[in-house]
Amino acid sequence: MSEQWEVIFPIIIIGLIVIAVAVLFTFIPVMLWISALAAGVKVSIFTLVGMRLRRVVPSRVINPLIKAHKAGIDVTTNQLESHFLAGGNVDRVVNALIAAQRANIELSFERCAAIDLAGRDVLEAVQMSVNPKVIETPFIAGISMDGIEVKAKARITVRANIDRLVGGAGEDTVIARVGEGVVSTIGSSEDHKKVLENPDSISHNVLNRGLDAGTAFEILSIDIADVDIGKNIGAILQTDQAEADKNIAQAKAEERRAMAVAQEQEMVAKVQEMRAKVVEAEAEVPQALAEALRSGHMGVMDYMNYKNINADTDMRDSIGKLTDTDNEEDENRS
């Protein structure tokens with residue numbers, strides 16, 4: 001039994017040593033420490049252990065530190081580690097510092113870290129400072145004084161302004177301001193032909209407005225890429241106004257017609273009322289005659305003369321109607 005234990009004990013000791021070494025190399029990035037020493041970056045093994053305890057990935061700090069040291073940029077481990085703990089991208093910040101140094105752009109680590117923490121791509125900003133970016137606007141429609149719609153498309157060449165990246169407005173603001181300037185310039189033109197003949201007047205007018213104030217960019221140039229003619233807005237407005245005036249006139253005419261019809265009906269009602277009064281008065285005539293005969297104010301001969309006069313009047317009316325009818329027939333025949 002003792003012989004077996006003497007054989008197993010060394011194996012257990014070796015296994016424990018292997019496990020301890022594996023745990024040590026897992027918790028302590030010895031290879032990363034060796035790489036830093038080989039690159040001339042002085043980092044103690046206790047600093048790497050402290051990063052592990054502070055839940056900082058050592059490679060996310062040491063590798064950018066080596067890169068910065070090789071590029072001649074003076075940054076410390078504490079600066080990179082604090083930026084990592086703040087949620088920043090350490091590698092992108094170091095790359096931006098190297099790009100700025102190569103392009104002779106003055107950029108400190110504090111400003112670069114602030115830009116990165118503000119949510120902007122600081123490396124892209126540095127690259128844009130060296131290589132300006134072209135922003136193309138959609139077609140912007142404006143109406144000249146003669147009522148013709150003019151559509152213009154502009155290309156804006158901008159360069160990142162490092163000093164205004166934090167708190168500065170973005171591309172959408174620049175496009176909106178340029179669109180406002182294009183609309184204002186077209187609207188102040190007396191004739192749309194002048195805009196077509198000289199489209200660079202738009203770019204000069206817009207560029208002189210200082211539209212990059214308060215933005216994260218510096219506008220280098222504004223070029224008009226395309227100019228098109230749209231609708232005749234003035235004619236459309238006049239047509240719409242004429243149609244509206246016609247509808248108003250028709251409504252007023254309909255109102256007058258309705259009033260005339262109502263007045264006509266009112267007159268018809270009055271005529272019927274007067275006729276009713278005449279019939280009522282005529283109905284009283286026989287009663288008046290009877291009363292006159294009874295009272296002796298009218299004799300029998302007077303009544304007979306009255307009847308003769310009525311008969312004579314009716315006869316003359318009949319003759320007159322027949323004469324009028326004959327004359328109309330003669331006229332129709334002729």
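Buried means under 20% relative accessible area, exposed over 50% and partly exposed in between, with a 1.4 Å probe and protein chains only. The model shown is predicted, so local features need pLDDT of at least 70 and side-chain atom pairs count only at pLDDT 80 or more, while totals for chains, interfaces and linings use all residues. Residues are numbered from 1 along each chain as its sequence is written, and side-chain values use heavy atoms, with hydrogens and water left out.

**Figure 1. The whole protein, with 13 helices and four strands.** Helices (H or I, at least four residues) and strands (E, at least two) are DSSP runs, numbered from the N terminus. Of the 334 residues in the protein, 27% are buried. Contact means heavy atoms within 4.5 Å. Among contacts with a separation of 6 or more, 67% are between residues 24 or more positions apart. The protein exposes about 21900 Å², of which carbon and sulfur atoms supply 56%. Accessible areas come from the Shrake-Rupley method with a 1.4 Å probe, and for residues only the protein chains shown count as cover.

**Figure 2. R55 and N104, two loop residues with positive phi.** R55 is in the loop between α3 (45-53) and α4 (58-71). Its relative accessible area is 78%, so R55 is exposed. N104 lies in the loop between α6 (90-102) and α7 (109-117). With a relative accessible area of 74%, N104 is exposed. Phi is near 60° in R55, and phi is near 60° in N104. Most residues other than glycine have a negative phi.

**Figure 3. Helices α5 and α6 and the loop between them.** The axes of α5 (residues 77-85) and α6 come within 9 Å and cross at roughly 130°. That angle makes α5 oblique to α6. Angles under 35 degrees count as roughly parallel, over 145 as roughly antiparallel, 65 to 115 as roughly perpendicular and the rest as oblique. Axes are lines fitted to C-alpha atoms, for helices over the stretch in contact, and angles run from 0 to 180 degrees between N-to-C directions. L80, H83 and F84 in α5 meet V90, V93 and V94 in α6. The residues of this contact are five nonpolar, one polar and no charged. Ala, Val, Leu, Ile, Met, Phe, Trp, Tyr, Cys and Pro count as nonpolar, Asp, Glu, Lys and Arg as charged, and the others, Gly among them, as polar. A86 is in the loop between α5 and α6, and at 48% relative accessibility A86 counts as partly exposed. The C-alpha atoms of A86 and L117 are separated by 7.8 Å, although these residues are 31 residues apart along the chain.

**Figure 4. T157 in strand β3 and N161 in the loop that follows β3.** T157 has a relative accessible area of 16%, so T157 is buried. Leaving out residues up to four places away in sequence, T157 touches P132, K133, V134, E218, I219, L220, S221 and D223. N161 is in the loop between β3 (148-160) and α9 (171-187). N161 counts as buried at 16% relative accessibility. Apart from neighbours within four places in sequence, N161 is in contact with A216 and F217.

**Figure 5. Helix α12, residues 233-295.** At 1.5 Å a residue, the 63 residues of α12 should span 93 Å, and the end C-alpha atoms are 92 Å apart, which agrees. The expected span is 1.5 Å times one less than the number of residues. The buried residues of α12 are I233, L289 and A292. Just after α12, G296 takes a positive phi of about 85°.
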